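Work through the exercises below with the sequence and the model open. Each task is followed by its solution in steps.

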Amino acid sequence: MCPTKHDRRRSDHKYTDDESCSSKSDHEEQQDWREEVINSGSLKHVDLHTGTNGWASPPGDLFNLRSHNFLTKKQKSPSGNWILKPAGVDWLRSNSKLENVLNRPDNRVMNALKRSNKKQPFIFAVNLQIPGKPFTHSAVFYFVAENKNDLSPLVKRFINGDDTFRNQRFKIVNKIVKGPWIVKTAVGNYSACLLGKALTCKYYKSDNYLEIDVDIGSSAIANAILHLALGYVTSVVIDMGFLVEGQTEEELPERLLGAVRISHMEMSSATFVESNVVDCSNNRGKVSNCPSRGLGFSKVNHHNGQSSDNGDDEQG
C-alpha cells in the first residue's frame, strides 16, 4: 500500500515522489504496515517529551533490568533496545469486558496485517482490562516481531509454553515519569510485578499472535490503586515495560519485549466499541445477525472522534 502525502510526512523513511510501491523493499513495506497501525489507533501517537493525551515509545535504557550477574550480585543494567517494535495503542470502552481483541473480525491491527500480505510478522498484545461503571475500559498495547523465528529461546518458550510458565514469568515494570505525590506513593515511583501471580491473566494464542488479557479487577488492591491513579490521570506520565523474567544465568540479562509511555491521558477520550462483534462474512446475507451502525474496531481512529522479588522493587 502506497502511503499518502500525510503518511510520508510522519514516516521515518523518506519517499521520493516517483517511488512506486513495486520498488519498495520488504523492510519498507513492513514500515508502511506498522505506520498504518501506529497512526490509526484510538489513542494518538505523540511526542515522547511534549505529547499529551497519547502514547509514545520510551527508550529501553530508561528501564533497569536484571543484568547478567543479577543472580550473584543483584545488579541491574539498562535494558537496551526493545525486542519487539511498537505497533500502536487503543484506548477503548465497552459495556462489558473486552477479551481476545486480536481475534475480533473488526480488529484494525490484524486486518492491516492481512492487507499487507505479510506472513512472518508476529503480534504481541497486552490488554489491560479496567472494570468500572457504566463502562469497562481496555488499554491495548500492540507490538510486533518481523519474524518470530528470530526471537530468543526464552521468548519462544514464553510464546509456545503453557499458562503456568507464562504466569511465572510475565513481568511489568512501571515508572512514574511525572505525577502527583499521591500517585507515586500508591503506584510506586519504580516497581516491578509478575502480573500472572498478582492478577488473573488469560492468554490467547494463534499462529501469528499472542494476546495477554490482564484483569485488573481480579485484585481488590490493584483495582483500588489503579482507580486512585485514574483520578489524576490527566496529570500523570507513566512508562510501562513488558518482559519475560529471566531466572537462570542463561536467561540473563533481561530485555524488554516492548515499552510504552502514556502521557496525560483523558478517560473521556476512550472510543466505544461493541463487546461482541459478529463475523458477518459467513452469514450469507443474514443482516439481522450483524451490527448495523456500530463503530467497527477497524474504524477506530483518533482523528475521529505483587512484586517478583525484592531486588526488582526499586530502580538501580
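**Exercises on a predicted model**

The accessible surface of the protein chain comes to about 15,600 Å², and carbon and sulfur atoms account for 49% of that surface. The model is predicted. Its protein chain holds 9 helices and 14 strands, and buried residues make up 51% of the 316 residues.

**Exercise 1.** Determine which residue caps the N-terminal end of α4, and whether that residue is buried or exposed.

*Solution.*
1. Start in the loop between β5 (85–94) and α4 (108–116), where N107 is found.
2. Check the side-chain oxygen of N107: it lies 3.1 Å from the backbone nitrogen of V109, and N107 caps the N-terminal end of α4.
3. Check M110 as well: its backbone nitrogen is 3.0 Å from a polar atom of the N107 side chain.
4. Buried means under 20% relative accessible area. N107 has 0% relative accessibility and therefore counts as buried.
5. Within α4, the buried residues include R108, V109 and M110.

**Exercise 2.** Locate the cis peptide bond that joins K133 to its partner, and the one that joins L252 to its partner.

*Solution.*
1. K133 is joined to P134, with omega about 5°. P134 sits in the loop between β6 (122–130) and β7 (136–145).
2. L252 is joined to P253, with omega about 0°. P253 sits in the loop between β12 (237–244) and β13 (256–263).

**Exercise 3.** Is N53, which has a positive phi, buried or exposed?

*Solution.*
1. N53 is not a glycine, yet its phi is about 50°.
2. N53 lies in the loop between β1 (44–45) and β2 (54–56).
3. Its relative accessible area is 16%, so N53 is buried.

Conventions. Residues numbered from 1 in each chain as written. Predicted model: local features only at pLDDT ≥ 70, side-chain atom pairs only at ≥ 80, totals over all residues. Heavy atoms only, no water. Helix = DSSP H or I, 4+ residues; strand = E, 2+ residues; numbered from the N terminus. Buried < 20%, exposed > 50% of the residue type's maximum accessible area, 1.4 Å probe, protein only. Polar contact = N/O pair within 3.5 Å; in protein donor to acceptor, adjacent residues only side chain to side chain. Areas by Shrake-Rupley, 256 points an atom, 1.4 Å probe, with all protein chains shown as cover.
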